Amino acid sequence: MGLCLTFASTLVLGSTDWAAWGSFSLAVLMAAAGLGFIIFVHELGHFAVAKWCGVKCDKFMIGFDIGGWKISRKWGETVYGIGILPLGGYVKMMGQDDDPRITTEQLQQSQATEDSIATKEITGPGGEKYLVDARSYLAKSVPQRMAIISAGVIMNIIFAFIFAVIAFMIGVPSMTCVVGATVAGSPAWENGLRPGDRIAKIGDIENPWFNELREEVTLAQKDQPIDVIVERADGTRIDMKLTPDRSGQLPAIGITNSSTLTLAEKKQFVENSPAAEVGDKLTPGATIVAVNGTPVDSYAEWKAMLVEKISEPLTLTLASAGENSSQTEVTLPPNRRESIGLAVAAGAIVGVEKQSPGDQAGLRVGDLIVAVDGKSLEAVDEQPADMNPLDLANYTREKAVEGASVELMIARNGDRDNSETLTVTPRRVTWQELTMSLDDPISVPALGIALPLVARVVAVEPGSPADKAGVQVGDSLQSVGFESPKGESANVPAQDVDFTEHPRGWAAASDAMQDLPVGTTINLVVVRSGSEKPIEVSLATTTDDNAFVVERGIILAPLMKEKIGNTFGEQLSMGAYETKRALTSVYRFLMRLTGGDISPKLLGGPITIAQGAAATAMRGWGDFLLFLTLISANLAVVNFLPIPVLDGGHMVFLMWEGLTGRPANDKVVTGMSLFGLALILTLMIWVFGLDIGRLFGWV
C-alpha cells in the first residue's frame, strides 16, 4: 500500500580513501533508515487506525514479500516483516485487498464463521446482504474505513512537519540568491543581471533561498514571465519579468549561485590549472583578502580582478583559517588557452542584452557578424577567416580599455545581400558570463551580445595540431571525444560532443579543452565535401600564448547561510512553511507535467531517491531531514491521487459507497482499476528506466 516517486537529484562520489568511504557508508545507512522510516510511519498509520477501529490485521509489512521471501515474526494475530522488494509496504487486513475489483470476493472471505464472536450485516455491490465478521475491514462504517485509508497519508504529513522542525532546530546550510554569474543568452543575461546582485523576491516569495528560486523557475507556467525584484549591491531595487528558457531539460533563467572568498574544504584547485602549480600553498579554509595588493571584499570583486587582469599574473594574499591566522602570498600565472588550432564559424546572434552597447547600436537577434574592424569571421572564397570568433570577447574587451570603437559588418537576418556597417563603442567589462551546456552560445560582454559557434571550420592555424592532422577550411565537425592519457586510471573531466545532436556544441568543447591532463588525446570526426565517409583524426591540444581564459582553477566555497529557527515558535513556523511548500510543489509539478510544461524525464524512482538521500546525508543532518520532508510529502501526495490501487483510489470508491449505500459494482470498477494499474505499472517502468539511464549517462 504505497508508491514512492520523486524528482531527479544526483549523487557524485569520487573518493578512494577509507575515511571517505566510511562517510559514504554511513550516509547510505542513514538513507536506508530514513526512507524505511517514512514507509514505516505510512503503514503504521494504516495499522494503528485499523486496530483502533477494531479491524483484524493479518500482516504488517515493510517492502513486498514477493514469492513469500521475507524476514518475519508473528506476535499475537499479526505477522510483522520486511519483504524482499523494498518499494513500499502494506498492511493486510481481514476483508481488505488493494485490488478493489474483487469486492464480492472480499465480502465472501469476510463472512462470519462459527468462530466469529460478533457479526454484522452489510450490503454487497448488487444489494445482496452478507453477514460478516465484525472485525472485518468491510464491517466498518464508511467514515471508519476512510480514516484507515487516509491515516498513512496523514502520518506522512505529520512526520514531514516533524522532520522539518527538527531540521530548523539543527540548522540547514543553504545557498543564497546572490548572483555569481549569468549564462550567455539566458533571460537573466538579457536583463543585465550582474555578479553581486541579489534576487530579493520571486513571485510571492520574499528573500528566497536558491532552492526556492530554482523550484519557482522549474514550476513556472510555460511562456509566462515570473515577476522578480533584483537588489543591486548599492541597495537599488529593480522590477524585472523573466521568462524561463525551456530549451534544456530543466527550465532556467541562467544564473549561478555566488561563492565566498574562502577556499573550499575538500578541493582547492582544478587539476592541471594554473592554481594546481601552487596547490601546496592553497590550504583549506584560507580566505583571499587581496589581489595584487588591492583588498577584495566580495566574490564579484574577485571576478572583476580575474577579468580585468586576464593576461597578467595575479598575486593573491591568503589569510589562513583559525585563531592564529597568518597571511601568505601566492602568485597565479595567467591561464593561456588550450586549443587544437582551428576556428569554427560564428552563427547569427541569438541574444542582445537590453541597454547594452550592441542594443544601442542597433544589433538584433538574427544578425550575422561578418567582420570586425575589417577582419573577417568567415572563410571567403576558400580564404580562411582573419579572426577566430572565440577571440571576439577579448578583442572587444581590450578595445573598451583603450576607449576605442569597433566597426561591425553585419548581414541583417543572416542575409549577406543585406549587409551594413555599425559602429559600436564597447563597455568596460568587470564580470564573467558563462557557457554551461552543450547548446549555449558564447558571449561578447563588451558588446552585450551572444552568438553560437557552428561546427564548420573557417580557419586552421599553420603548423597547429589541426593543420598537421589534415583538417581543412570548409570541413564540418561531426564529433569530438576526449581520451585519457595511456596508463592513466582517472577519467578526463570532459564530455564528448556529438555535433549532429548539438550543432552549437563547439563552445562547450572548447571550454572542455582547458585544464586537461597532459597527454589527453582529442579524437575528431570530420566530414569533408566530396569524401564518401567521415575522416577520423587524433591530436593533442597546444597552448596559445596570445589567448587567455578567465578562470585560473581556484575552487571557492559557495556562499551559504544557515536556515535556523532561533525560538521554538520560529522553528514550528519554518517547519510548517517547509511542509506546505513540499506538498504544494508536488501538486504543482504534477500539474505542469500533465500540462506538458515540464519534461517527464525529471521524474525519479527508487534509485534516484536513494541517491538523493545518501547525498543529503553526507551534507549533514539538517539537509537530510529536509530531504525526508520532501520525500514524505511526496509519498503523501502521490498515494492520495485518485487512482485505483492507491489510497486515493480507495477513497474514491468509499465516497461512492457513502453516497449510494453500497460498494461500487465490480464490473464498473474493473475497467477503472485495470486502467489505474496499467498507469502505475507504466509509471514504475518509466522511472526505473530513467534511474538506470542516469546511472549509465543515457539520460
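Buried means under 20% relative accessible area, exposed means over 50%, and partly exposed lies in between. The model used in these exercises is predicted.

**Exercise 1. A salt bridge within one helix**

Task: Is Arg 694 buried or exposed? Which residue shares a salt bridge with Arg 694?

Solution.
- Step 1. Take the relative accessible area of Arg 694, which is 18%. The cut-off for buried is under 20%. Arg 694 is therefore buried.
- Step 2. Find the partner. The side chain of Arg 694 meets that of Asp 691 in a salt bridge, at 3.5 Å from N to O.
- Step 3. Check the partner. Asp 691 has 1% relative accessibility, so Asp 691 counts as buried too.
- Step 4. Place the pair. Both residues sit in helix α15, 3 residues apart, which means about one helical turn separates them.

**Exercise 2. Two helices in contact**

Task: At what angle do helices α12 and α15 pack, and which residues of α12 meet α15?

Solution.
- Step 1. Locate the helices. α12 covers residues 606-619 and α15 covers residues 666-695.
- Step 2. Read the geometry. The angle is about 55 degrees, and the axes are 7 Å apart. That makes α12 oblique to α15.
- Step 3. List the contacts. From α12 come Pro 606, Ile 607, Thr 608 and Gln 611. From α15 come Phe 688, Asp 691, Ile 692, Arg 694 and Leu 695.
- Step 4. Sort by class. This contact has 5 nonpolar, 2 polar and 2 charged residues.

**Exercise 3. A three-stranded sheet**

Task: In what order do the strands of the open sheet with β14, β9 and β27 stand? Which strands stand at its edges?

Solution.
- Step 1. Write the order. The 3 strands run β14-β9-β27, with mixed pairing.
- Step 2. Find the edges. β14 and β27 (433-434) each have a single partner strand, so one side of each lacks a neighbour in the sheet.
- Step 3. Look at one pairing. β9 (residues 179-183) pairs with β27 in the parallel sense over 2 bridges. Val 183 has Leu 434 in β27 as its bridge partner.
- Step 4. Zoom in on β14. This strand spans residues 255-257 and holds Ile 255. Ile 255 counts as buried, at 13% relative accessibility.
- Step 5. Name its contacts. Ile 255 touches several residues beyond four places away in sequence, among them Val 179, Ala 181, Ala 188 and Phe 210. Ala 188 is 67 residues away in sequence, yet the C-alpha atoms are 6.6 Å apart.

**Exercise 4. Salt bridges between loops**

Task: How many salt bridges does the structure hold? Which parts does the Arg 135 and Glu 77 pair tie together?

Solution.
- Step 1. Start with the total: 25 salt bridges.
- Step 2. Take Arg 135 and Glu 77. Their side chains meet at 2.7 Å, N to O. Arg 135 is in the loop between β7 and α3, and Glu 77 is in the loop between β3 and β4, so the pair ties together parts 58 residues apart in sequence.
- Step 3. Add accessibility. Arg 135 is partly exposed at 34%. Glu 77 is partly exposed at 25%.
- Step 4. Turn to Arg 412 and Asp 367. The closest N and O atoms of this salt bridge are 2.5 Å apart. The loop between β25 and β26 holds Arg 412, and the loop between α7 and β23 holds Asp 367, so parts 45 residues apart in sequence are tied together.
- Step 5. Add accessibility again. Arg 412 counts as buried at 16%. Asp 367 counts as buried at 2%.
- Step 6. Finish with a network. Salt bridges link Glu 212, Glu 215, Glu 578 and Arg 581.

Notes
Residues are numbered from 1 along each chain as its sequence is written. This is a predicted model: local features need pLDDT of at least 70, side-chain atom pairs count only at pLDDT 80 or more; totals for chains, interfaces and linings use all residues. Side-chain values use heavy atoms; hydrogens and water are left out. Axes are lines fitted to C-alpha atoms, for helices over the stretch in contact, and angles run from 0 to 180 degrees between N-to-C directions. Helices (H or I, at least four residues) and strands (E, at least two) are DSSP runs, numbered from the N terminus. Angles under 35 degrees count as roughly parallel, over 145 as roughly antiparallel, 65 to 115 as roughly perpendicular and the rest as oblique. Contact means heavy atoms within 4.5 Å. Ala, Val, Leu, Ile, Met, Phe, Trp, Tyr, Cys and Pro count as nonpolar, Asp, Glu, Lys and Arg as charged, and the others, Gly among them, as polar. Buried means under 20% relative accessible area, exposed over 50%, partly exposed in between (1.4 Å probe, protein chains only). Two strands pair if DSSP finds at least two bridges between them. A salt bridge is a side-chain nitrogen of Lys or Arg within 4 Å of a carboxyl oxygen of Asp or Glu.
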